[in-house]
Structure formats: structure tokens, C-alpha cells
Amino acid sequence: MALRIGVLGTGAIGTDHATMLATTIGGASVAAVFDVDIARAGELAHRIGARRHEAATGLINDADVDAVVIASPGTAHAEQVLACIAAGKPVLCEKPLASTVDDAARVVAAEAALGRRLVQVGFMRRFDPGYVAVKDTIAAGRIGTPMIVHCVHRNRSVPAGFTNAMAMTDTMVHEIDIVRWLLDDEIVSVRVVRGRRGPHAVEGHDDPQLVLMTTASGVLAEVEVILLWPPGYDVRCEVVGSDGLATLEHPRVVSTTMTGNRSEVVPDGWKTRFGDTYRIELQAWVAATLAGTVVGASAWDGYAATVVAHAAAAAQGAADEVGVRLIARPPLYG
Ligand code: NAD
Ligand code: ISE
């Protein structure tokens with residue numbers, strides 16, 4: 001029988017996830033949706049043949065909902081994940097796990113007290129074929145000892161209301177997770193430097209910013225973050241090892257060669273760049289949930305990323321590096 005899924009939040013990514021779950025993902029059906037924007041939720045519910053709920057808790061506790069996808073804003077995530085844990089329902093929560101370190105720790109504590117994993121955090125890059133190949137290359141020892149990671153995260157735009165801190169907690173948080181995952185290492189300190197403002201920088205944003213993170217084993221991870229870069233959405237990653245390089249290639253659908261010119265399309269945003277990655281992530285989540293297991297980033301990973309992201313936000317205004325302090329990792333997370 002198909003997994004009956006409830007989707008909380010039917011905005012940009014919630015609509016995409018719900019549509020994919022209803023139409024493309026094997027073993028899945030969308031039973032119900034909820035959004036505080038009732039009209040938006042109703043339109044989606046009608047289009048995909050799901051029911052619309054009046055409240056998030058109603059959807060989570062609905063006996064005809066087996067598992068939940070959370071795609072509401074980050075500030076709503078922790079309470080909704082906690083309600084899923086209380087109801088014993090598997091949940092795929094979009095990043096970030098929580099909007100404060102305390103809330104992320106509450107989620108870890110609740111899941112640890114339950115004694116079994118239910119939470120996957122939507123760090124979809126862990127399912128991206130390119131990032132998986134980089135990880136496999138490192139794990140096979142082909143580049144020797146990893147020493148430095150170079151990352152680039154250039155957004156073409158960010159939504160209205162996006163704050164300077166969100167450059168760390170909403171955008172750079174992807175690099176925090178990917179560095180921890182690629183290296184199987186914790187980040188212990190972070191430093192942020194702002195650069196010369198370009199003509200496109202939004203008022204209140206330090207744009208661009210360079211972030212330098214150090215891991216427990218001493219690897220340096222450097223990230224260029226630009227929130228508004230009109231040429232295109234551009235995500236890069238290169239790991240420098242003692243004996244080689246692992247470089248993430250841009251997924252290329254087509255390149256055109258004309259007289260004297262070769263070109264390829266540049267993605268216009270995360271939907272285009274990672275469209276197939278979200279599909280792979282959702283399929284893996286559904287398959288694992290039906291099998292009674294959990295894959296991908298755990299609540300612990302979501303917690304650790306939140307701690308580092310908030311240290312980075314604190315470092316935006318600091319001259320020195322900011323240290324990262326994690327609580328003890330509960331045995332549930334290995
Ligand atoms: P959005 O603003 O387009 O959509 C959010 C929706 O949630 C809106 O429709 C809003 O009305 C609704 N909402 C607000 N409060 C709610 C609540 N308490 N319960 C249910 N719904 C509520 O935002 P988005 O771009 O879709 O982002 C949603 C989440 O997904 C964010 O956490 C964001 O960081 C994450 N996201 C992740 C990726 C990724 O690459 N993994 C990409 C985009 C967004
Ligand atoms: C957005 O929420 C995402 O998660 C995208 O993957 C990221 O590139 C973007 O910066 C975020 O705002």
C-alpha cells in the first residue's frame with residue numbers, strides 16, 4: 001500500500017514536493033495538505049486530489065496520514081517536528097531543522113527519548129549524484145587526506161524578508177551540512193568576512209561574504225556566499241586532498257556548439273539546479289519509510305548544522321572566529 005503523506009506548507013518547495021509525491025514518486029500518495037494560506041492550500045489540494053486541513057496538528061494526528069513532509073518556514077519547523085515525534089510519525093522536515101539552537105536541541109532530545117529515529121532533514125544535496133560521487137571519491141581514499149574544501153553558493157535572488165543572518169542559517173547551512181557529511185567531521189569554529197558590496201546588494205545584506213570553517217580534524221572549509229548574483233544560480237564544491245582533487249561538476253543537460261562558440265545553460269535557481277535531486281531525495285525517503293528505516297540527514301545533523309549556522313551568524317558581526325559547542329551526541333545517532 002502507498003505511503004499516505006501529509007504536507008505542511010504549500011509554498012514554493014511544498015507545492016513542488018507535494019506535486020512530485022502525488023505524481024512521480026513510487027509508493028507515495030498525498031492524503032492531505034495544510035497551509036496558513038488557506039486558498040493556496042485549497043488550490044493545491046484540488047489539483048492533486050488531497051484533503052485540505054484546517055490546522056497543522058489536525059494533519060499530523062490524522063489517522064489517514066502515515067508520514068509528514070514539512071515545508072513551512074523555518075520558524076514553524078521545530079513545533080511541527082515535535083508534534084510528529086509525539087504522534088510517532090516519520091517526518092521529512094525541510095532545512096533548517098529549527099530556527100534556534102534551543103529548539104533544535106529539543107527535537108534531538110524528544111527523538112532520543114522516544115528511542116527510535118523518525119526525522120529526516122531536507123539536506124537534499126546528500127542525494128545529489130554529483131555530491132555522492134565526491135563523497136565516494138574521498139571515502140575511497142583516491143585524493144588522499146582531505147585538507148581544504150572550497151565551496152561557492154551564489155543565489156540569483158532571495159525572497160523578500162530574507163535577513164543578513166539567513167545568509168548563514170538558510171543559505172550557507174547547506175554547505176555546513178555538506179562539509180560535515182563529505183568529511184564525516186564536526187565543524188569547531190567559524191569566521192565570516194564581508195567583502196566589497198556590489199551594485200545588486202540588497203539594503204541590510206552583507207553581500208558578498210566569505211566564511212571560513214575549521215573542522216575537528218583541522219580541515220579548512222571556505223565558502224563564498226552571494227545572495228543576489230544576477231548571472232545565475234551557482235553552487236560549487238572542490239575538495240583538495242594531499243594526493244588529488246575531487247571537483248563537483250555542473251550537471252549539464254545540453255551544451256551548444258556554434259561557429260566559434262560553445263555554451264551551456266546556467267540554472268536560474270535551486271529548482272532548476274537541484275530539481276532531480278529533490279526527486280531522488282523524496283523517493284529515498286518514501287522507500288525508507290515504507291521499509292521502517294530512516295536515511296539522509298538525521299535530527300542530530302540538523303541540530304549540528306543549526307549550531308554552526310548560528311555561530312556563523314554571530315561571526316558576521318565579530319572580528320574573531322566564533323567557536324562551536326555541541327551537546328553530547330545521544331547514542332541513538334551512533
Ligand atoms: P515559501 O514562503 O514559498 O512557502 C512557505 C509556505 O508556508 C507559505 O505558503 C506559507 O503560507 C506557509 N506557512 C507559513 N506558516 C506556516 C505554518 N505554521 N504551517 C504551515 N504552513 C505555513 O517558502 P519556501 O521557499 O517554500 O521554503 C519553505 C521551507 O523550505 C523553508 O524552510 C526553506 O528554507 C526550505 N527550502 C529548502 C530548499 C532546499 O533546497 N532544500 C529550497 C527552498 C526552500
Ligand atoms: C533556499 O531556501 C534553499 O534551500 C536553496 O537550496 C538555497 O540555495 C537558497 O539559498 C535558500 O534560500
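Helices here are DSSP runs of H or I with at least four residues, strands are DSSP runs of E with at least two, and both are numbered from the N terminus. This is a predicted model, where local features need pLDDT of at least 70, side-chain atom pairs count only at pLDDT 80 or more, and totals for chains, interfaces and linings use all residues. Residues are numbered from 1 along each chain as its sequence is written, chains are lettered from A and ligands numbered from 1 in the order in which they are written, and side-chain values use heavy atoms, with hydrogens and water left out.

**Exercise 1. Find the backbone oddities.**

Start with a rule of thumb: most residues other than glycine have a negative phi, and most peptide bonds are trans.

- Step 1: look at Asp184, a non-glycine residue whose phi is positive, about 50°. You'll find Asp184 in the loop between α7 and β8.
- Step 2: check the bond between Lys95 and Pro96, which is cis with omega about -5°. Pro96 sits in the loop between β5 (91–93) and α5 (101–114).
- Step 3: go on to Asp207 and Pro208, joined by a cis peptide bond with omega near 15°. Pro208 belongs to the loop between β8 (187–194) and β9 (209–215).

**Exercise 2. Work out what surrounds ligand 2.**

- Step 1: collect the residues that have a heavy atom within 4 Å of the ligand. For ligand 2 you get Lys95, His153, Asn155, Phe162, Asp170, Thr171, His174, Tyr233 and Trp270.
- Step 2: ask which element gives the largest share of this shell. Helix α7 (residues 166–183) does, with 3 residues.
- Step 3: pick out polar contacts, meaning pairs of N or O atoms within 3.5 Å. Polar side-chain atoms reach oxygen atoms of ligand 2 from Lys95 at 2.8 Å, from Asn155 at 3.0 Å and from Thr171 at 2.7 Å.
- Step 4: see how much is covered. On its own, ligand 2 has 300 Å² of accessible area (Shrake-Rupley method, 1.4 Å probe), and the protein covers 87% of that.

**Exercise 3. Describe the largest pocket.**

- Step 1: define it. On a 1 Å grid over the protein atoms alone, a pocket is an open set of points where a 1.4 Å probe fits, with protein on both sides within 12 Å along at least five of seven lines; lining residues have an atom within 4 Å of a point.
- Step 2: list the lining. There are 47 residues, and Pro73, Lys95, Pro159, Met166 and Asp170 lie nearest the centre of the largest pocket. Elements giving two or more residues to this lining are α1 (12–23), α4 (74–87), α7 and α8 (270–273).

Definitions and conventions
A polar contact is a pair of N or O atoms within 3.5 Å; within protein, one must be able to donate a hydrogen and the other to accept it, and residues adjacent in sequence count only if both atoms are side-chain atoms.
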